[in-house]
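Me: I'm new to this structure and would like a close look at a single part of it. Could you pick up the last helix and walk me through how it sits in the rest of the protein?

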Amino acid sequence: MKRNYILSGVILILLVGGILLYNYFSKELTVGDVLEENNFSKEAAISVQKLKDGKIIPIQVSDDKQKDLVRLFEDLKLIKSDERYPVLDADYIIAPKSNYSQKLYVFLDENVIVFSEKTSDSYVIQNKDFTQTIKRLLD
């Protein structure tokens with residue numbers, strides 16, 4: 001009888017622990033949650049580069065489109081991924097001019113962002129219209 005109570009208690013603890021871990025790892029994040037210093041503010045000037053065939057091509061982006069991009073990144077909902085993506089396979093590199101070390105590597109087909117090549121942490125973008133919006137702003 002006592003054994004059943006102990007077994008039930010252990011199962012209950014494991015179940016609650018599993019639910020808490022699931023909630024912790026599936027938590028939606030924002031760009032500001034991930035970056036140490038959130039330099040993607042409304043006043044930030046950003047640098048945009050396109051990666052094509054292993055070459056980095058600077059893209060001139062108007063001030064209005066820069067503001068739209070910053071707004072887009074502020075509103076992004078992300079979920080951390082365990083996948084690793086080589087940054088040279090990204091479609092775009094976007095970084096604040098005030099702190100170029102906080103680069104965002106954007107993978108359009110995968111709907112993923114990788115933050116800075118040092119950590120290579122990847123995040124799945126939860127916004128459904130992200131790819132279309134960024135293509136419209138940068139193409």
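Reply: Here is a tour that starts with the whole chain, settles on helix α4, and then looks at a few places around it.

Keep in mind that this is a predicted model. The protein has 139 residues, and 38% of them are buried. Its secondary structure adds up to 4 helices and 7 strands. Reading from the N terminus, the order is α-α-β-β-α-β-β-β-β-β-α, so your helix is the element that closes the list.

Now for α4 itself, which covers residues 130-138. Its buried residues are Phe130, Thr131, Thr133, Ile134, Leu137 and Leu138. Look down the helix axis and these residues fall within an arc of 165°, so they line one face of α4. Over on the other side, Gln132 and Arg136 are exposed.

What does the buried face of α4 touch? Its buried residues pack against β1, β2 (55-59), α3, β4, β5 and β7. Phe130 gives you a good view of this. Skip its neighbours within four places in sequence, and Phe130 is in contact with Leu72, Phe73, Leu76, Val106, Leu108, Asn111 and Ile125.

Phe130 also belongs to something bigger: the largest nonpolar core, which has 23 residues. The residues with the most contacts inside this core are Val48, Leu69, Phe73, Ile94, Phe130 and Ile134. Helix α4 is one of the elements that each supply at least two residues of it, along with β1 (46-52), α3 (63-75), β4 (92-96), β5 (104-107), β6 (112-115) and β7 (121-125). There is a second, separate core too, with 9 residues, including Tyr85, Ile93, Val112 and Val114.

Let's step across to two of the strands that α4 packs against. In β1 you'll find Ser47. Ser47 has a relative accessible area of 17%, and because buried means under 20%, it counts as buried. Apart from neighbours within four places in sequence, Ser47 is in contact with Ile93, Ile94, Ala95, Lys97 and Tyr100. In β7 there's Tyr123, which is buried as well, with a relative accessible area of 6%. Tyr123 and Lys77 are 46 residues apart along the chain, yet their C-alpha atoms are separated by 9.3 Å. Links across the sequence show up in the overall count too: among contacts between residues at least 6 apart in sequence, 62% join residues at least 24 apart.

Helix α3, another partner of α4, holds a charged pair. The side chains of Asp68 and Arg71 meet in a salt bridge, with 2.9 Å from N to O, and the structure holds 1 salt bridge. The two residues are 3 apart in α3, so about one helical turn separates them. Both partners are partly exposed: Asp68 has a relative accessible area of 30%, and Arg71 comes in at 41%.

Finally, take a look at the outside. Ile6 lies in helix α1 (residues 2-25) and is exposed, with a relative accessible area of 52%. Together with Val10 and Leu14, Ile6 forms a nonpolar patch on the surface, and the three share about 300 Å² of accessible area. As for the protein as a whole, it exposes about 9200 Å², with carbon and sulfur atoms supplying 54% of that.

Terms used: Residues numbered from 1 in each chain as written. Predicted model: local features only at pLDDT ≥ 70, side-chain atom pairs only at ≥ 80, totals over all residues. Heavy atoms only, no water. Core = buried A, V, L, I, M, F, W, Y, C linked by side-chain atoms within 4.5 Å. Buried < 20%, exposed > 50% of the residue type's maximum accessible area, 1.4 Å probe, protein only. Contact = heavy atoms within 4.5 Å. Patch = residues over 30% accessible without salt bridge, like charges linked within 9 Å, V, L, I, M, F, W, Y side chains within 5 Å. Areas by Shrake-Rupley, 256 points an atom, 1.4 Å probe, with all protein chains shown as cover. Salt bridge = Lys/Arg side-chain N within 4 Å of Asp/Glu carboxyl O. Arc of directions from axis to C-beta.
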